[in-house]
Amino acid sequence: MIARILSFSVQARWLVVFVTAIIAAYGSYELTRLPIDALPDITNKQVQINSLAPTLGPEEVEKRVTFPIENALAGLAGVESTRSFSRNGYGQVTAIFRENTNLYFMRQQVAERLAQAKPNLPPGVEPQMGPVSTGLGEIFMYTVEYANPDGRGAPVRDGEAGWQSDGSYLTLEGERLIDEVARLAYLRTVQDWIVRPQLKAVPGIADIDSLGGYEKQYIVEPDPTKLAAYALSYSDIAKALEAANLSIGANYIQRAGEAYLVRADARIRSMDEIA
């Protein structure tokens, strides 16, 4: 057989050269279209379930959060294995699927199992599936900064949004940022409420992760002595804050062919209202 191939190649050498040239040209053309990744994503098909439980320690998270979720995923068709880790206030379960499975269908199956497991979880714990992405899917990193850090070279117009003559920064909402922590918290607010929602609307973006800065929070620190004097507990304060931060729609009134909506807006908008 080999002798016949060699004999034919010698006798039809120009045909062999011609076919080889065509194959080489086609290979060169396909090489220009070949997608090349410096860090190819070799991660297997998986779904990550993240759960926040701020009041629980690692042992309680393992017993009351990650174990019930792993138990709910047991026996799910297509699952090769599951793994998890638990730390203070946080638990993560990763389900690994076979390569021939449809990841989006499996995410639907996982969502159904999570709904079944939810009654067995502690109150307030909401397990969430991670985005359809992996650690190697990160494509871009950016920072949110002031155009003129510390006000250097910035035009100063007291009373208008921007840097003020006393070194503070006035936001568009009229909030005066007088220290570094407040200014960093404002950058995190801009990232979470302005930049991130717009970037998530870009086609092909799985998720946007926010790192750094200070997440804006309002902390109520009651005086224990005064609470005891009024026979109140910390739970009473928490319930009062929750009840005072509501927006309720009542109904509507029809008049002259128009409908007027009636609602009660009691959302907290400032620290004075919290007090």
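Q: What makes two rings in this predicted model an aromatic pair, and how many pairs are there?
A: Rings of Phe, Tyr and Trp (its six-membered ring) pair if their centres lie within 6.5 Å; planes under 30 degrees apart are stacked, over 60 edge-to-face, the rest tilted. The structure holds six such pairs.

As to sources, this is a predicted model in which local features need pLDDT of at least 70 and side-chain atom pairs pLDDT 80 or more, while totals for chains, interfaces and linings use all residues. Residues are numbered from 1 along each chain as its sequence is written, and side-chain values use heavy atoms, without hydrogens and water.

Q: Why is the pair of Y169 and Y186 called tilted?
A: The centres are 6.1 Å apart, within the 6.5 Å limit, and the 45° between the planes is neither under 30 nor over 60 degrees, so the pair counts as tilted.

Q: What does the pair of Y169 and Y186 tie together?
A: Y169 lies in strand β6 (169–170) and Y186 in helix α5 (180–200), so the pair joins parts 17 residues apart in sequence. Helices (H or I, at least four residues) and strands (E, at least two) are DSSP runs, numbered from the N terminus. Ring pairs also link Y169 and Y186 with Y146 and W163 into a cluster.

Q: How do you know that β2 and β3 pair?
A: Pairing takes at least two DSSP bridges; eight join β2 to β3 (residues 90–97), and the two strands run antiparallel. Among the partners, R87 is bridged to Y90 in β3.

Q: Which strands stand at the edges of the open sheet β2-β3-β1-β4?
A: The pairing in this four-stranded sheet is antiparallel. β2 (79–87) and β4 (128–129) each have a single partner strand, so one side of each is left without a neighbour in the sheet.
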